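Reader: Got a minute to go through this model with me? I'd like to talk about empty space and charged pairs.

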Amino acid sequence: MSHKFLLACLLVLVTSACSDSNHNNNNEPQYSAQVRRTEYGIPHITAQDWKGLGYGFGYAYAQDNFCVTMRQVVFGTGRSAELMGEAEGDVQSDLLFRYLNGDKESFKKNFMDELPQFALDVADGFTRGMNRYLEETGVENLPEGQWGCRNAPWVYAFDDVDYWMFLRRIALWGSSDQSIFRRALLSVTGPSAGALTAAPTASQLQDAAVALESATAALRSTERGSNGLALGRDATKDGRGLLLGNPHQPWFGDGAWYEAQLTIPGVYDVAGAALHGTPLLGIGLNKDVAWTHTVSYANRFSLYELKLNPDNPMQYDYDGQWRDIGQERVEVLAKQPDGTLATRALCFLPRTTVPSST
């Protein structure tokens with residue numbers, strides 16, 4: 001591609017930069033960003049604040065991958081079975097995230113209200129940018145195919161709380177949403193009183209040890225990994241540091257990378273890649289440093305065995321006192337073949353009731 005043709009592409013995109021001035025009334029904040037795309041379609045977003053940066057990034061990202069993240073928002077909010085049906089959705093995943101997140105009001109209070117303002121702003125802008133793309137494009141014109149969602153009944157204009165629930169799901173990929181522990185959380189039925197009075201047999205202990213060893217081996221599998229290679233000035237021809245980042249993420253889908261440059265003049269200027277649908281770059285470079293990441297075998301879980309009351313398996317010992325193990329019933333909706341909605345429920349046990357005097 002010639003330099004003149006590339007410059008023409010840039011100029012056209014600059015003049016059609018994103019602005020939300022036509023999509024808000026006078027009482028709502030304005031969002032503005034400049035979006036340029038270089039020769040291979042890489043978006044470069046410039047804005048004057050975090051909301052504008054997220055807005056431009058969300059709009060540009062949606063142009064390329066709207067359906068990928070839209071699908072994950074549905075799962076992150078615990079509505080996959082409700083909107084997709086039980087065959088395409090996942091009732092167990094919905095129950096887990098409804099339990100972890102609670103309803104939207106409690107999620108906002110317990111999670112979002114603890115976040116720094118710039119994070120709330122960039123995520124709010126990203127949400128609005130994706131929604132503007134949906135509004136302009138229409139569900140009937142969205143992409144088709146494996147990663148598409150044209151005319152899908154689960155597409156909707158989501159809000160920033162929905163979006164943060166999706167981001168939290170990404171954050172939990174390596175912990176509570178890791179398959180081994182997700183299955184454990186969802187399969188607990190609780191102990192029986194009789195089972196507590198008998199000591200475990202040698203066979204039972206051996207089975208438990210084998211299961212734990214298998215779980216550890218799965219987490220530390222050599223089949224998972226990536227490459228990061230850093231060279232100091234003494235190892236390069238031009239005497240400057242060099243970093244090779246080769247994270248082994250998939251090429252397509254929600255686990256893939258999306259390349260961009262994000263700039264707030266004088267505040268933030270990073271080129272690199274973000275996991276699909278996330279509003280800031282996870283690996284990349286600025287004018288001073290470059291960074292990448294790879295697999296870590298650090299411990300992410302701490303498992304504790306509670307001493308249960310042999311007369312009441314719903315109590316555990318805490319400093320010589322029996323405390324009650326609470327139960328929380330979680331419900332989600334599931335669309336049936338005839339279009340009606342059925343309720344699916346599960347009782348979770350991990351919560352405890354702490355005495356008011358503590």
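Author: Sure, here is a quick chat about cavities, one histidine and some salt bridges.
Author: This is a predicted model, so local features need pLDDT of at least 70, side-chain atom pairs count only at pLDDT 80 or more, and totals for chains, interfaces and linings use all residues. Residues are numbered from 1 along each chain as its sequence is written, and side-chain values use heavy atoms, with hydrogens and water left out.

Reader: OK, how many cavities of 30 Å³ or more does the structure hold?
Author: There is 1 of that volume or more. A cavity here is a set of points on a 1 Å grid over the protein atoms alone where a 1.4 Å probe fits but cannot get out; the volume is the space filled by probe spheres set on the points.

Reader: And which residues line the largest cavity?
Author: Cys67, Val68, Arg71, Gln146, Trp147 and Gly148, where lining means having an atom within 4 Å of a point. The space inside is about 30 Å³.

Reader: Arg71 rings a bell. What does arginine 71 pair with in a salt bridge?
Author: Glutamate 88, at 3.2 Å from N to O. Arginine 71 sits in helix H2 (residues 50-76) and glutamate 88 in the loop between helix H3 (80-84) and helix H4 (91-101), 17 residues apart. A salt bridge means a side-chain nitrogen of Lys or Arg within 4 Å of a carboxyl oxygen of Asp or Glu, and helices are DSSP runs of H or I, at least four residues, numbered from the N terminus.

Reader: How many salt bridges in total?
Author: The count is 12. Among them, arginine 132 and glutamate 136 meet at 2.6 Å, N to O.

Reader: Where are arginine 132 and glutamate 136?
Author: Both are in helix H6 (residues 117-137), 4 residues apart, so about one helical turn separates them. Arginine 132 is buried at 15% relative accessible area, while glutamate 136 is partly exposed at 41%. Buried is under 20%, exposed over 50%, and partly exposed in between, with a 1.4 Å probe and protein chains only.

Reader: Switching topic: is histidine 276 buried or exposed?
Author: Histidine 276 has 6% relative accessibility, so it counts as buried. The residue lies in the loop between strand E6 (268-275) and strand E7 (283-285); strands are DSSP runs of E, at least two residues.

Reader: What is histidine 276 in contact with?
Author: Leaving aside neighbours within four places in sequence, its contacts include Tyr61, Val68, Phe166, Asp254 and Trp257. Contact means heavy atoms within 4.5 Å.

Technical notes: On a 1 Å grid over the protein atoms alone, a cavity is a set of points where a 1.4 Å probe fits but cannot get out, and a pocket is an open set with protein on both sides within 12 Å along at least five of seven lines; lining residues have an atom within 4 Å of a point.
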